[in-house]
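Got your viewer open? Load the model, switch on the cartoon view and keep the selection box handy.

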Amino acid sequence: QSLLVSSQSHQQLRLCWCPFSFPCGWELRILNVALWGSCILGTLYSLPPFRLKRFPALAAFCIVAVRGSLINAGFFAHAKAAAFGKPFVSVLHTFLTERSCWLTNLFFGVFGIVIALMKDVPDVKGDKVARVRTFSVRLGQRQVFWAMRWLLSSLYVAFSVGFINQTFRTGEVIKMVCRGSLGLLALVAATFVNKAGAVVDPSNSEEVYSYYMQLW
């Protein structure tokens, strides 16, 4: 009985949730693909006996795939179908062909690499005990911390230059304001990443963790 009620409630939620004039099945499937893909990779990342977090390259791949690809491409495809009435396309098709989505994938792909490697810096002691050979264990906390700080700062600066450059290549006031604002915000973010990271001791787990959470 509880399963029946849950199923009926789910169907009602699907009908009420979509305020558009066209069927909502396909765009919900797009989100389902993105969310289920993220769930599966997240499970493989942490759940024994897989625990892909034990392998630095695979751990980074999981986070980059979720943050840089599945989530962004999935929600991009969903927004086009649900909000703008565009034809349904798969997440994979969106990821491979939508040039407007590539920039977002690139940004969050690099951001995902930073998050994936930075999160292991404060956990070196525990990882050594558990024999998890992260990059921080292999290369050292300081090296990984400063490399990720430099990478994230460079990412923000690159996007800042790109947006500011594009500001002067359009005659539309709204686009100029949006692009200019994003460029300035990216520059502020780059400055914050550098200044906040400059006073962090990579060997101090609490300081690194606090900095890591600020990046989020």
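Here is a walk through the model, one selection after another.

**Stop 1: the whole chain**

Keep in mind that this is a predicted model. Colour by secondary structure and you'll get ten helices and zero strands. Reading from the N terminus, the order is simply α-α-α-α-α-α-α-α-α-α. The protein has 216 residues, and 37% of them are buried. Turn on a surface and you're looking at about 13300 Å² of exposed area, with carbon and sulfur atoms supplying 67% of it. As for how the chain meets itself, take the contacts with a separation of 6 or more: 63% of them are between residues 24 or more positions apart.

**Stop 2: the Pro-Pro step**

Select Pro48 and Pro49 and show sticks. Is the peptide bond between Pro48 and Pro49 cis or trans? The bond is cis, with omega near 5°. That's worth a pause, since most peptide bonds are trans. Pro49 sits in the loop that links α2 (25-46) to α3.

**Stop 3: along α3**

Now select residues 56-82, which make up helix α3. Put a distance label between the end C-alpha atoms: they are 37 Å apart, and 27 residues at 1.5 Å each should span 39 Å, so the two figures agree. Even so, look along the axis at Ala65, where α3 bends by about 35°.

Stay in this helix and pick Asn72. Asn72 has 15% relative accessibility, so this residue counts as buried. What does Asn72 touch, once neighbours within four places in sequence are left aside? Show Arg67, Cys101, Thr104, Asn105 and Phe108, and you have the list.

**Stop 4: the salt bridges**

How many salt bridges are there to find? There are three. The idea behind them is simple: side chains of opposite charge can pair when their charged atoms come close.

- Select Lys119 and Asp120. Their closest N and O atoms are 2.8 Å apart. Both partners are out of the solvent's way by the numbers: Asp120 is buried at a relative accessible area of 10%, and Lys119 is buried at 16%.
- Select Glu172 and Lys175. Here the closest N and O atoms are 3.7 Å apart. Glu172 counts as partly exposed at 45% relative accessibility, and Lys175 is partly exposed too, at 36%.
- Select Arg142 and Asp201. The closest N and O atoms of this salt bridge are 3.8 Å apart. Arg142 belongs to helix α8 and Asp201 to the loop between α9 (173-198) and α10 (205-215), so this pair ties together parts that are 59 residues apart in sequence. Asp201 is partly exposed at 31% relative accessibility, and Arg142 is partly exposed at 44%.

Before you leave Arg142, add Pro202 to the selection. Arg142 and Pro202 are 60 residues apart in sequence, yet their C-alpha atoms are 5.2 Å apart in space. Leaving aside neighbours within four places in sequence, the contacts of Arg142 are Asp201 and Pro202.

**Stop 5: an arginine without a partner**

Move along α8 (residues 141-167) to Arg149. Which side chain of opposite charge is nearest to Arg149, and how far away is that side chain? The nearest one is Asp201, 11 Å away, and Arg149 has no salt bridge although the residue is buried. Try showing what surrounds this arginine: beyond residues up to four places away in sequence, Arg149 touches Met118, Val193, Asn194, Gly197, Ala198 and Tyr211.

**Stop 6: α9 and its cover**

Last selection: residues 173-198, helix α9. Its end C-alpha atoms are 38 Å apart, and 26 residues at 1.5 Å each should span 38 Å, so the helix agrees with expectation. Which residues of α9 are buried? Colour Gly180, Gly183, Ala186, Ala190, Val193, Ala196 and Gly197. Keep the helical repeat in mind here: an α-helix has 3.6 residues a turn, so residues three or four places apart point the same way. To see what lies over these buried residues, bring back the other helices; the cover includes α8 and α10. Two of the highlighted residues, Val193 and Gly197, are also among the contacts of Arg149, which takes you back to the previous stop.

Definitions and conventions
Residues numbered from 1 in each chain as written. Predicted model: local features only at pLDDT ≥ 70, side-chain atom pairs only at ≥ 80, totals over all residues. Heavy atoms only, no water. Helix = DSSP H or I, 4+ residues; strand = E, 2+ residues; numbered from the N terminus. Buried < 20%, exposed > 50% of the residue type's maximum accessible area, 1.4 Å probe, protein only. Contact = heavy atoms within 4.5 Å. Areas by Shrake-Rupley, 256 points an atom, 1.4 Å probe, with all protein chains shown as cover. Expected span 1.5 Å × (residues − 1). Bend = angle between axes of the 7 residues up to and from the residue. Lys, Arg positive; Asp, Glu negative; His and termini not counted. Salt bridge = Lys/Arg side-chain N within 4 Å of Asp/Glu carboxyl O.
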